[in-house]
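Thanks for making the time this morning; I would like to walk you through the aromatic side chains in this structure, and then finish with a word about the surface. Please have the structure open in front of you while I talk.

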Amino acid sequence: MSQLEHSIMNEIDLLRALPRVKRNIQMRKDAKDPAVVAISKQYGEMYFDGPREYGYGGYRYDGRWVPVARDIVAHFGLQPGMRVLDVGCAKGFLVKDLMTVCPGLEAFGLDISLYALMNCERDVVGRLHLGSAERLPFPDSSFDCVLCLNTVHNFPRPRAIKVMQEIQRVSGGRAFVQVDSYRTPEQKEIFESWVLTAEFHDYPDGWISLFSAAGYTGDYFWTIIE
Ligand SMILES: C[S@@+](CC[C@H](N)C(=O)[O-])C[C@H]1O[C@@H](n2cnc3c(N)ncnc32)[C@H](O)[C@@H]1O
């Protein structure tokens, strides 16, 4: 796929192959207080592998990203030797699966969580960078594709714009971001009951205006809790 074909933002559901997760919204809402939120925002063991009230309730590899990786490789026409970055990669599940479905692909990740990197998949040891999405430690246009899934909402709006500018800078616009959103007031209420770490969230239109403010020209889609 040529650079030209990726010069305009496109809405596309690249995570459509992920299994739907059943969430206990009431349990999360009841347990949520400032102390729980503060611990979640440390992105440590409690967030990934502690009780569900603090985050994932056990972030373990189970292969669910394999079909997603296949869809990403097909969408961007990724080939062996190309370089892909997953910003907010956590333990590197998608990084691993991208290399599984496209042998020879050079996949890397970046995350702020030392815990996640210290507990990453063996196949990605040495491929995950400790750092912040706000300042990606890579030259301009150094990746053929940049992904950022369920991570940009962790910043207040001005800093989320900076994150999007960084993704644009290192990808040249061949990128895909998925962010927390909602299409109805009911979905917004469910989201607000569930969310722990988000600093910014909005309806799709609000996100699209944020993307435009950042000069982002890549693709995007929404995580909507129902
Ligand atoms: C909801 S998890 C998403 C993980 C993975 N992308 C996924 O979809 O399963 C959010 C991730 O963002 C990471 N994160 C939070 N703040 C960050 C920052 N400033 N820079 C990079 N990663 C960050 C967290 O450590 C966590 O791994």
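**Aromatic rings and their neighbours**

Let me begin with a cluster in this predicted model, in which ring pairs link Tyr43, Tyr47, Phe48, Tyr56, Tyr59, Tyr61, Phe93 and Tyr115. If we then ask how many aromatic pairs the structure holds, the count comes to 19.

To go through such contacts, recall that a pair of aromatic rings is described by the distance of the centres and the angle of the planes. Phenylalanine 138 and phenylalanine 143, for instance, make an edge-to-face pair, with 5.1 Å from centre to centre and 90 degrees between the planes, and both of these phenylalanines are buried. Tyrosine 220 and tryptophan 222 form a tilted pair, where the centres are 5.2 Å apart and the planes stand at 45 degrees; here, too, both residues, tyrosine 220 and tryptophan 222, are buried.

Rings also meet charges in this model. Arginine 28 lies over the face of tryptophan 194, at a distance of 3.7 Å from the ring centre, while arginine 127 places its charged end over the ring of phenylalanine 108, 5.1 Å from the centre of that ring.

Finally, the surface: which residues form a nonpolar patch there? They are Leu114, Met118 and Leu130, which together have about 340 Å² of accessible area. Of these, methionine 118 belongs to helix H6, which covers residues 114-118, and methionine 118 counts as exposed because its relative accessible area is 64%, against a cut-off of over 50%.

Note on methods
Residues numbered from 1 in each chain as written. Predicted model: local features only at pLDDT ≥ 70, side-chain atom pairs only at ≥ 80, totals over all residues. Heavy atoms only, no water. Patch = residues over 30% accessible without salt bridge, like charges linked within 9 Å, V, L, I, M, F, W, Y side chains within 5 Å. Areas by Shrake-Rupley, 256 points an atom, 1.4 Å probe, with all protein chains shown as cover. Salt bridge = Lys/Arg side-chain N within 4 Å of Asp/Glu carboxyl O. Helix = DSSP H or I, 4+ residues; strand = E, 2+ residues; numbered from the N terminus. Buried < 20%, exposed > 50% of the residue type's maximum accessible area, 1.4 Å probe, protein only. Phe/Tyr/Trp six-rings, centres within 6.5 Å; stacked < 30°, edge-to-face > 60°. Lys NZ or Arg CZ within 6 Å of the ring centre and 35° of its normal.
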